[in-house]
Amino acid sequence: MLKINKFVFNSFYENTFIVWDDESLEAAVIDPGCSDEIEQEEFAYFVSESKLKVKYLILTHAHIDHVLGCNFICNIYRPVFMVPVNEINLLNIAPEQADMFGVELKTIPPPNVLISEDQELNLSNSKLKFLLTPGHTEGEVCIYIEKEKICITGDVLFNEGIGRTDLWGGNYDTLIKSIKEKLLTLPDDVIIYPGHGEESSILHEKQNNPFLKNI
């Protein structure tokens, strides 16, 4: 069975997730936002106490608030680092993004794997599927774990909200198209874990999200 834990990190209140198989204890970190020693220690303590083996580091997209902990995770755990193929340019300018917000960030190492939509990742007995959902950025992906009825939606779909489209690579019409075609077609009981804020479900968003009323 797959388990999931959420951390809320950095000044952007970004949700960092770690998912793991409860038998093998193999784990994947998704969108590491830990930005200082206190947050790094909180994360490392959880991993140590849970006896997890961090095998993968996955980005849904490469905006600054979702990548602040990449260097820490890569240096400490040496995971397979996976980034959506069309997010590389954004990842490469992460230090410049950081400067715009008054944050210091060293260059992030290149990924080991470029994610495309036709890929799947096996985390022990669970299969992670990548759904290409551009609009918030050019190449963002959501991570769908069908067996567990979980979808990690990054900054695409929030609890009664959607991602902003006025940053690097944003396009409102593209974002709505992604949500309509890739997320609202998932089963109603799928739980979404967004990049900011609280969890929701596909059904709740169909019924209550003001941005999705007329699509």
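Is Phe 17 buried or exposed? Phe 17 counts as buried, because its relative accessibility is 2%, under the 20% limit for that class. The legends below refer to a predicted model.

**Figure 1. Overall view of the predicted model, with its 6 helices and 14 strands.** The protein has 215 residues and a radius of gyration of 16 Å, which agrees with the value near 17 Å that a compact globule would have. Along the principal axes, the C-alpha atoms fill a box of roughly 45 × 40 × 30 Å. Of the 215 residues, 52% count as buried. Among contacts with a separation of 6 or more, 63% come from residues 24 or more positions apart. The exposed area is about 9900 Å², and carbon and sulfur atoms supply 49% of it. There are 34 negative and 17 positive side chains, and the centres of these two sets lie 7 Å apart.

**Figure 2. The aromatic pair Phe 7 and Phe 43.** A pair of aromatic rings is described by the distance of the centres and the angle of the planes. Rings pair here if their centres lie within 6.5 Å, and the count comes to 8 aromatic pairs. For Phe 7 and Phe 43 the centres are 5.3 Å apart and the planes are at 50°, so this pair is tilted. The two residues belong to distant parts of the chain: Phe 7 is in strand β1 (residues 2-9) and Phe 43 is in helix α1 (residues 37-50), 36 residues apart. Phe 7 has a relative accessibility of 4% and therefore counts as buried. Phe 43 also counts as buried, because its relative accessibility is 0%. Both rings belong to one aromatic cluster, formed by Phe 7, Phe 9, Trp 20, Phe 43, Phe 46, Phe 72 and Tyr 77.

**Figure 3. The aromatic pair Phe 17 and Tyr 193.** The rings of Phe 17 and Tyr 193 form an edge-to-face pair, with 5.8 Å centre to centre and 85° between the planes. Phe 17 lies in strand β2 (residues 14-21) and Tyr 193 in strand β13 (residues 191-194), so the pair ties together parts 176 residues apart in sequence. Tyr 193 counts as buried because its relative accessibility is 16%. The 2% of Phe 17, given at the start, puts that residue in the buried class too.

**Figure 4. Surroundings of Thr 153 in strand β10 (residues 150-154).** Thr 153 has a relative accessibility of 0% and so counts as buried. Residues up to four places away in sequence are not counted in the following list. Thr 153 touches Glu 140, Cys 142, Leu 183, Ile 192, Tyr 193 and Pro 194. One of these, Tyr 193, is the partner of Phe 17 in the aromatic pair of the previous figure.

**Figure 5. Asp 65 and Asn 10, two residues in loops.** Asp 65 lies in the loop between β4 (53-58) and α2 (70-77). With a relative accessibility of 8%, Asp 65 counts as buried. Apart from residues up to four places away in sequence, Asp 65 touches Asn 10, Phe 12, Glu 14, Gly 33, Asp 155 and His 196. The C-alpha atom of Asp 65 is separated by 8.7 Å from that of Ala 98, which is 33 residues apart from Asp 65 along the chain. Asn 10, one of the residues touched by Asp 65, is found in the loop between β1 and β2. Asn 10 counts as buried, at 8% relative accessibility. Its phi is near 60°, a positive value in a residue other than glycine.

**Figure 6. Asp 31 in the loop between β3 (26-30) and α1.** Most residues other than glycine have a negative phi. Asp 31 has a positive phi, near 60°. Asp 31 is buried, with a relative accessible area of 2%.

**Figure 7. Surroundings of Gln 97 in helix α4 (residues 94-100).** The relative accessible area of Gln 97 is 1%, so this residue is buried. Leaving aside neighbours within four places in sequence, Gln 97 is in contact with Ala 62, His 63, Ile 64, Leu 90 and Trp 168.

Technical notes:
Residues are numbered from 1 along each chain as its sequence is written. This is a predicted model: local features need pLDDT of at least 70, side-chain atom pairs count only at pLDDT 80 or more; totals for chains, interfaces and linings use all residues. Side-chain values use heavy atoms; hydrogens and water are left out. Rings of Phe, Tyr and Trp (its six-membered ring) pair if their centres lie within 6.5 Å; planes under 30 degrees apart count as stacked, over 60 as edge-to-face and the rest as tilted. Helices (H or I, at least four residues) and strands (E, at least two) are DSSP runs, numbered from the N terminus. Buried means under 20% relative accessible area, exposed over 50%, partly exposed in between (1.4 Å probe, protein chains only). The radius of gyration is taken over C-alpha atoms; the globule rule is 2.2 Å times the number of residues to the power 0.38. Contact means heavy atoms within 4.5 Å. Accessible areas come from the Shrake-Rupley method with a 1.4 Å probe; for residues, only the protein chains shown count as cover. Lys and Arg count as positive and Asp and Glu as negative; His and the chain ends are not counted. The place of a charge is taken as NZ of Lys, CZ of Arg, CG of Asp or CD of Glu.
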